[in-house]
Amino acid sequence: MKLFFNNASPFVRKVRVFARETGLDKNIEETTTAVSPVQDNASLGQANPLQKIPALLLDDGSALFDSPVICEYLDSLHAGRKLFPAAGPARWTALKLQATGDGILDAGVLCRYEMAFRPKEFQWSGWLDGQKKKWHGGLDYLEREAGALDGEPTIGGITVACALGWLDFRYGDDNWRNGRPKLAAWFEKFAARPSMKATMPSA
Ligand code: BEZ
């Protein structure tokens with residue numbers, strides 16, 4: 001399997017952490033991929049028509065995208081404890097945590113694109129404020145529901161950890177830990193896992 005990959009992307013990091021947690025990382029070759037919201041990347045487009053990472057090229061020539069789909073596929077390949085709980089409340093909790101982490105990232109990445117790619121004279125502070133409010137809402141929810149993150153890793157915890165790690169990487173000044181002691185304590189422990197340490201974001 002070949003993973004279209006970029007060291008800064010938190011969505012790719014989800015897949016890389018997931019692969020390490022399930023012992024599948026040895027089966028995945030990584031190919032560094034430049035991504036931009038405004039520039040064409042034809043070779044990535046062959047694996048993902050949306051030209052977004054992560055995309056996973058399978059050995060039969062087909063491809064999967066994006067991170068929720070790839071992670072659930074990887075979960076089907078190993079015989080160990082499943083990181084997507086099969087059914088019942090545990091499944092909905094894990095999927096809701098995944099949606100919260102992904103939603104925080106969606107808002108944060110939109111802000112980053114606004115600041116990094118849109119010409120300065122067109123940047124809109126109301127847009128940035130609105131997106132920031134969304135990711136802060138997600139963080140406040142996680143602080144209230146921090147107990148749901150305890151226990152063995154699931155796709156929910158992995159996604160939340162990758163979101164928090166990316167906020168540290170891109171928005172360190174925003175200080176998400178302020179007023180969120182339970183989430184901060186949980187992240188400190190999770191971030192010490194070998195899968196997280198091996199996948200630290202870099203530009
Ligand atoms: C980043 O550079 O922060 C980034 C790269 C790819 C996807 C999302 C974020």
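A residue is counted as near the ligand if one of its heavy atoms lies within 4 Å of the ligand. In this predicted model, the residues that surround the ligand are Ala8, Ser9, Pro10, Val35, Val109, Arg112, Trp166 and Arg170. Of the 260 Å² of accessible area that the ligand has on its own, the protein covers 88%. By composition, the shell contains five nonpolar residues, one polar residue and two charged residues. The ligand sits in the largest pocket.

Both domains take part in this shell: domain 1 (2-75) and domain 2 (89-197) each contribute at least three residues. At the level of secondary structure, at least two shell residues come from helix H4 (88-116), and at least two come from helix H6 (155-170). Two side chains of the shell were examined for their distances to ligand oxygen atoms. For Trp166, a polar side-chain atom lies 2.8 Å from an oxygen atom of the ligand. For Arg170, an N or O atom in the side chain is 2.8 Å from an oxygen atom of the ligand.

Backbone geometry was also examined. The peptide bond from Ile53 to Pro54 is cis, with omega near 5 degrees. Pro54 belongs to the loop between helix H2 (42-47) and strand S3 (55-57). Gln51 is found in the loop between H2 and S3; this residue is not a glycine, yet has a positive phi of about 55 degrees. A cis peptide bond also joins Phe65 and Asp66, where omega is about -5 degrees. Asp66 is located in the loop between strand S4 (63-64) and helix H3 (67-75).

Notes
Residues are numbered from 1 along each chain as its sequence is written. This is a predicted model: local features need pLDDT of at least 70, side-chain atom pairs count only at pLDDT 80 or more; totals for chains, interfaces and linings use all residues. Side-chain values use heavy atoms; hydrogens and water are left out. A polar contact is a pair of N or O atoms within 3.5 Å; within protein, one must be able to donate a hydrogen and the other to accept it, and residues adjacent in sequence count only if both atoms are side-chain atoms. Accessible areas come from the Shrake-Rupley method with a 1.4 Å probe; for residues, only the protein chains shown count as cover. On a 1 Å grid over the protein atoms alone, a cavity is a set of points where a 1.4 Å probe fits but cannot get out, and a pocket is an open set with protein on both sides within 12 Å along at least five of seven lines; lining residues have an atom within 4 Å of a point. A molecule sits in a cavity or pocket if more than half of its atoms lie within 2 Å of its grid points. Helices (H or I, at least four residues) and strands (E, at least two) are DSSP runs, numbered from the N terminus. Ala, Val, Leu, Ile, Met, Phe, Trp, Tyr, Cys and Pro count as nonpolar, Asp, Glu, Lys and Arg as charged, and the others, Gly among them, as polar. Domain bounds come from an automatic or database domain assignment.
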